[in-house]
Amino acid sequence: MNTFQSRRTFLKHTAGAGAAIMFSGFSCELAERPNIIYILADDLGYGDLGCYGQQNIKTPNLDQMAAEGMKFTDHYAGSTVCAPSRCCLMTGKHTGHARIRGNADIPLRPQDITVAELLKQAGYKTGLIGKWGLGEAGSTGIPNKQGFDTFFGYLNQIRAHNYYPTFLWDNQEKMNLDNEVVIAKEGYSKGIGSAATQRNTYSHDLFAEKALSFIEQNSDSPFFLYLALTIPHANNEGHLVDRHGMEVPEYGIYKDKDWPEAQKGHAAMITRMDRDIGNLFDLLKTLGLDDNTVVMFTSDNGPHAEGGNDPAFNDSNGPLRGIKRDLYEGGIRVPMIARWPGRIATGSTTDLPSALWDVLPTCAELAGVSAPPDTDGISFLPTLLGEPETQEKHEYLYWEFHWWQPARQAVRMGRWKGVRNTPDSDIELYDLSVDIGEKHNIAKQHSDIVQRIASIMQSARTESENWPLLQK
């Protein structure tokens with residue numbers, strides 16, 4: 001339960017002109033509330049950026065963002081796959097309470113409160129560009145029914161595999177594209193997954209253009225842009241046209257590398273994304289919005305081994321164990337960078353344990369509104385503003401993951417990390433302060449800690465019609 005509303009000082013948003021918001025000793029007029037841009041990469045690993053130790057893939061603009069802002073070393077995704085992770089982000093609830101806890105076709109409901117709804121109520125113009133995955137066309141979960149004024153992109157996460165689709169959604173209307181595709185006829189992606197036989201329009205490039213347009217069109221009022229990029233997710237259906245799944249128009253600086261083709265594609269995708277984020281920062285400066293815009297960048301889960309990509313080739317998970325679909329650190333610990341000139345100290349770093357469900361209360365506090373009382377998140381705004389002494393901290397972080405395999409759970413409690421890989425398996429225990437790679441299971445040496453984590457695994461969740469109890 002989040003208690004920052006009762007602990008921290010700020011004036012709740014009112015509609016009257018000239019109203020002020022105050023937090024952490026900082027106050028500003030309503031018109032000066034910061035714009036918020038939240039950029040979410042797809043399957044980007046902890047080690048995929050230069051500022052997190054990457055040696056071969058070039059990310060100069062994101063590295064510069066870290067140099068001009070704050071790098072989080074202990075930030076976590078909401079889950080180890082995309083749909084539940086994005087649900088945690090949007091609703092401020094971890095996967096023990098979230099509506100979506102696996103990659104299932106379950107839409108958000110009208111009663112689910114999203115960060116976009118909170119900011120829209122606070123007077124922000126709200127836009128989503130990219131991948132949604134929390135509700136199909138005609139359902140209660142579509143972005144335009146969940147607080148977004150503007151939406152452009154993919155509703156369905158499997159359709160989002162293909163970077164050259166035949167259509168994208170422009171709000172609630174289909175926008176046809178000049179690509180031609182082959183549709184999967186069997187398997188998980190039957191009738192939805194596809195690969196292009198004629199590749200003309202690259203969806204990521206449209207997202208980059210639409211993001212700049214959204215900023216330009218809303219430059220005279222506070223805005224919230226959720227830029228949910230699909231890079232560097234693989235097209236899992238690339239085999240339909242005998243190609244690897246790391247789809248990109250060109251390999252660029254990696255063209256002549258003595259690498260597998262899929263690795264050239266993976267690196268080129270990340271560098272292309274980095275280029276477009278640089279263009280976004282250039283526009284903010286041109287429009288005079290740079291100093292009043294908070295930009296956050298992270299990933300929805302760890303790196304993948306799909307579409308021909310080998311995450312070990314360029315050390316995508318860095319020092320961490322595991323990849324996407326694991327609840328070890330490599331599957332859920334992700335890069336996170338925040339930049340706000342004049343407010344966030346340049347070149348700063350924090351080891352505050354935080355997660356995607358903290359974004360909702362953080363954005364709410366930035367906008368001067370109250371987060372829902374049942375959020376699992378805690379605002380990390382004090383950390384951003386260099387006030388660690390006032391930063392509330394989590395007692396623990398909790399994850400559970402359901403899909404085709406037996407459900408799994410994980411808990412981080414301070415330096416301790418507990419992982420249970422099936423409901424019937426023993427809890428593994430790791431001391432992250434000395435074993436970030438989770439190589440040494442020390443459960444037998446610390447039975448008291450294991451018992452505390454077991455208790456959290458039981459109490460930190462609620463049963464629902466979709467996600468039954470996990471305990472023995």
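The following exercises, each with a worked solution, concern a predicted model.

**Exercise 1. Helix 3**

Task: Determine how many residues of helix 3 are buried, which elements cover them, and which residue follows the helix.

Solution.
1. Helix 3 spans residues 82-91. A residue counts as buried when its relative accessible area is under 20%.
2. The residues that satisfy this condition are Cys82, Ala83, Pro84, Ser85, Arg86, Cys87, Cys88, Leu89, Met90 and Thr91.
3. The count is therefore 10 of 10, and helix 3 is largely enclosed by the rest of the structure.
4. The cover over these buried residues includes three strands, namely strand 3 (35-41), strand 6 (125-131) and strand 12 (223-228). Helix 4 (115-121) and helix 8 (359-367) are also among the covering elements.
5. After helix 3 comes Gly92, which has a positive phi, near 70 degrees.

**Exercise 2. Ser354 and the second largest cavity**

Task: Establish whether Ser354 is buried or exposed, identify its contacts, and describe the cavity that it helps to line.

Solution.
1. Ser354 belongs to strand 16, which covers residues 354-355.
2. The relative accessible area of Ser354 is 0%. Since buried means under 20%, Ser354 is buried.
3. Beyond its neighbours within four places in sequence, Ser354 is in contact with Phe72, Asp74, His75, Tyr76, Phe380 and Leu397.
4. With His75, the side chain of Ser354 also forms a side-chain to side-chain polar contact of 2.7 Å.
5. Ser354 is one of the residues that line the second largest cavity. Others in this lining include Leu352, Pro353, Asp358 and Phe380.
6. The volume of the second largest cavity is about 30 Å³, and its lining comprises 4 nonpolar, 4 polar and 2 charged residues.

**Exercise 3. The largest cavity and the largest pocket**

Task: State how many cavities of 30 Å³ or more are counted, and describe the lining of the largest cavity and of the largest pocket.

Solution.
1. Rolling a probe the size of a water molecule over the atoms shows where empty space is left.
2. The count is 2 cavities of 30 Å³ or more.
3. The largest cavity holds about 60 Å³ of space.
4. Its lining consists of His204, Ala208, Ala211, Leu212, Leu227, Leu229, Asp276, Ile277 and Leu280.
5. Two elements give two or more residues to this lining: helix 5 (203-217) and helix 6 (261-286). Helix 5 gives the most, with 4 residues.
6. By class, the lining of the largest cavity has 7 nonpolar residues, 1 polar residue and 1 charged residue.
7. The largest pocket has a volume of about 270 Å³. Its lining is made up of 19 residues, and those nearest the centre are Lys93, His97, Arg99, Arg109 and Asp112.
8. The lining of the largest pocket divides into 8 charged, 6 polar and 5 nonpolar residues.

**Exercise 4. Strand 18 and its partners**

Task: Show how strand 18 is covered and how it pairs with strand 17 and strand 19.

Solution.
1. Strand 18 runs over residues 408-413, and 6 of its 6 residues are buried.
2. The two faces may be taken in turn. Arg408, Ala410 and Arg412 are buried on one side, and Gln409, Val411 and Met413 are buried on the other. Both faces are thus covered.
3. Strand 17 (residues 397-401) is antiparallel to strand 18, and 5 bridges join them. Within this pairing, Tyr398 has Val411 as its bridge partner.
4. The connection between strand 17 and strand 18 is a hairpin through 6 residues.
5. Strand 18 also pairs with strand 19 (residues 416-420), in the antiparallel sense over 5 bridges. Here Ala410 is opposite Val419.
6. Strand 18 and strand 19 form a hairpin with 2 residues between them, and Gly414 in its turn has a positive phi of about 65 degrees.

**Exercise 5. Asp149**

Task: Locate Asp149, classify its exposure, and identify its contacts.

Solution.
1. Asp149 lies in the loop between strand 6 and strand 7 (150-154).
2. Its relative accessibility is 31%. Partly exposed residues fall between the limits of 20% and 50%, so Asp149 is partly exposed.
3. Leu128 is 21 residues away from Asp149 in sequence, and their C-alpha atoms are 8.3 Å apart in space.
4. Apart from its neighbours within four places in sequence, Asp149 is in contact with Lys120, Tyr124, Lys125, Thr126, Asn144 and Asn171.
5. With Lys120, the contact includes a polar one between the two side chains, at 3.1 Å.

Definitions and conventions
Residues are numbered from 1 along each chain as its sequence is written. This is a predicted model: local features need pLDDT of at least 70, side-chain atom pairs count only at pLDDT 80 or more; totals for chains, interfaces and linings use all residues. Side-chain values use heavy atoms; hydrogens and water are left out. Buried means under 20% relative accessible area, exposed over 50%, partly exposed in between (1.4 Å probe, protein chains only). Contact means heavy atoms within 4.5 Å. A polar contact is a pair of N or O atoms within 3.5 Å; within protein, one must be able to donate a hydrogen and the other to accept it, and residues adjacent in sequence count only if both atoms are side-chain atoms. On a 1 Å grid over the protein atoms alone, a cavity is a set of points where a 1.4 Å probe fits but cannot get out, and a pocket is an open set with protein on both sides within 12 Å along at least five of seven lines; lining residues have an atom within 4 Å of a point. Grid points are joined across faces, edges and corners, and a volume is the space filled by probe spheres set on the points. Ala, Val, Leu, Ile, Met, Phe, Trp, Tyr, Cys and Pro count as nonpolar, Asp, Glu, Lys and Arg as charged, and the others, Gly among them, as polar. Two strands pair if DSSP finds at least two bridges between them.
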